[in-house]
Amino acid sequence: MTQTDAQPIVTRNDEDRRYDVHVDDVLAGFTVFRADAQGRLHFPHTEVDPAFRGRGLAQAVVAEAMADAARRGETVVPHCPVVAKYLREHEVPGLTIAWPDQPHPE
């Protein structure tokens with residue numbers, strides 16, 4: 001199997017408050033979330049290790065994070081430009097989005 005054949009695996013990491021994307025058991029990137037007092041999940045930052053860039057991993061981790069939030073009935077507040085762009089370009093069935101007046105990405 002070549003590097004480009006490896007399928008990314010996305011998991012929710014509640015301890016570190018993020019969704020992780022792994023390629024061949026190596027952490028390749030993540031998108032961070034923080035719950036506010038109303039229980040909404042704020043997504044301020046998404047990052048992919050430079051060694052794994054160009055493979056669509058940022059979109060993969062954000063897509064699964066948004067789908068998982070929808071399955072859990074959570075409301076998402078997109079601050080991260082990657083998350084906001086994904087949500088503008090893709091419909092996520094069942095997801096409630098609270099667009100911030102002034103995004104605060106990290």
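Start by selecting helix α1, residues 57-72, which lies across β1, β2 (18-23), β3 (26-35), β4 and β5 and runs at about 135° to β2. Lying across implies contact, meaning heavy atoms within 4.5 Å. The angle is taken between N-to-C directions on a scale from 0 to 180 degrees, with axes fitted to C-alpha atoms, for helices over the stretch in contact. Helices (H or I, at least four residues) and strands (E, at least two) are DSSP runs, numbered from the N terminus.

Before moving on, a word on the model. It is a predicted one, in which local features need pLDDT of at least 70 and side-chain atom pairs count only at pLDDT 80 or more, while totals for chains, interfaces and linings use all residues. Residues are numbered from 1 along each chain as its sequence is written, and side-chain values use heavy atoms, with hydrogens and water left out.

**The sheet**

Now colour the strands. You are looking at an open sheet of six strands in the order β1-β2-β3-β4-β5-β6, with mixed pairing. Its edge strands are β1 (9-13) and β6 (96-97), each pairing on one side only. Two strands pair if DSSP finds at least two bridges between them.

Begin at the β1 side. Here β1 and β2 run antiparallel and are joined by five bridges; select I9 and you will find H22 of β2 opposite. The hairpin of these two strands has four residues between them, and R17 there takes a positive phi near 55°.

Step across to the next pair. Six bridges join β2 to β3, again in an antiparallel arrangement, and V21 has G29 in β3 as its bridge partner. This hairpin has two residues between the strands, and D24 takes a positive phi near 50°.

While β2 is on screen, switch to an accessibility view: five of its six residues are buried, leaving the strand mostly covered. Buried means under 20% relative accessible area, exposed over 50% and partly exposed in between, using a 1.4 Å probe and protein chains only.

**The parallel side**

Next, select β4 (residues 41-48) and β5 (residues 75-78), which run parallel and are joined by three bridges. H42 stands opposite V77 in β5, and F43 has P78 in β5 as its bridge partner. Show α1 again with these two strands: β4, α1 and β5 make a right-handed β-α-β unit. Right-handed here means that, with the strands pointing away from the viewer, the path from the first strand over the helix to the second runs clockwise.

Continue to β6, which runs parallel to β5 and is joined to it by two bridges. T75 faces T96 of β6. The chain passes from β5 through α2 to β6, in another β-α-β crossover that is right-handed. Select α2 itself, residues 81-89: this helix lies across β3, β4, β5 and β6, at about 120° to β5.

**The aromatic rings**

Turn on the side chains of Phe, Tyr and Trp. A search of the whole structure finds three aromatic pairs. Rings (the six-membered one for Trp) pair if their centres lie within 6.5 Å; planes under 30 degrees apart count as stacked, over 60 as edge-to-face and the rest as tilted.

Zoom in on Y19 and F33, whose ring centres are 5.5 Å apart with planes at 55°, so this pair is tilted. Y19 belongs to β2 and F33 to β3, so the pair ties together parts that are 14 residues apart in sequence.

Then add F43. Its ring centre is 6.0 Å from that of F33 and the planes stand at 45°, so this pair is tilted too. With F33 in β3 and F43 in β4, the pair ties together parts 10 residues apart in sequence. Ring pairs thus link Y19, F33 and F43 into a cluster. Are Y19 and F33 buried or exposed? Both are buried, with F33 at 5% relative accessibility; F43 also counts as buried, at 0%.

One more ring deserves a click: the charged end of R18 sits over the ring of F30, 4.5 Å from its centre. The criterion is NZ of Lys or CZ of Arg within 6 Å of the ring centre and within 35 degrees of the ring normal.

**Last stop: R34**

Finally, select R34, in strand β3. At 31% relative accessibility, R34 counts as partly exposed. Leaving aside residues up to four places away in sequence, R34 touches R17, R40, L41, H42, P44 and E106. To finish, draw a distance between the C-alpha atoms of R34 and V76: they are 42 residues apart along the chain and separated by 9.9 Å.
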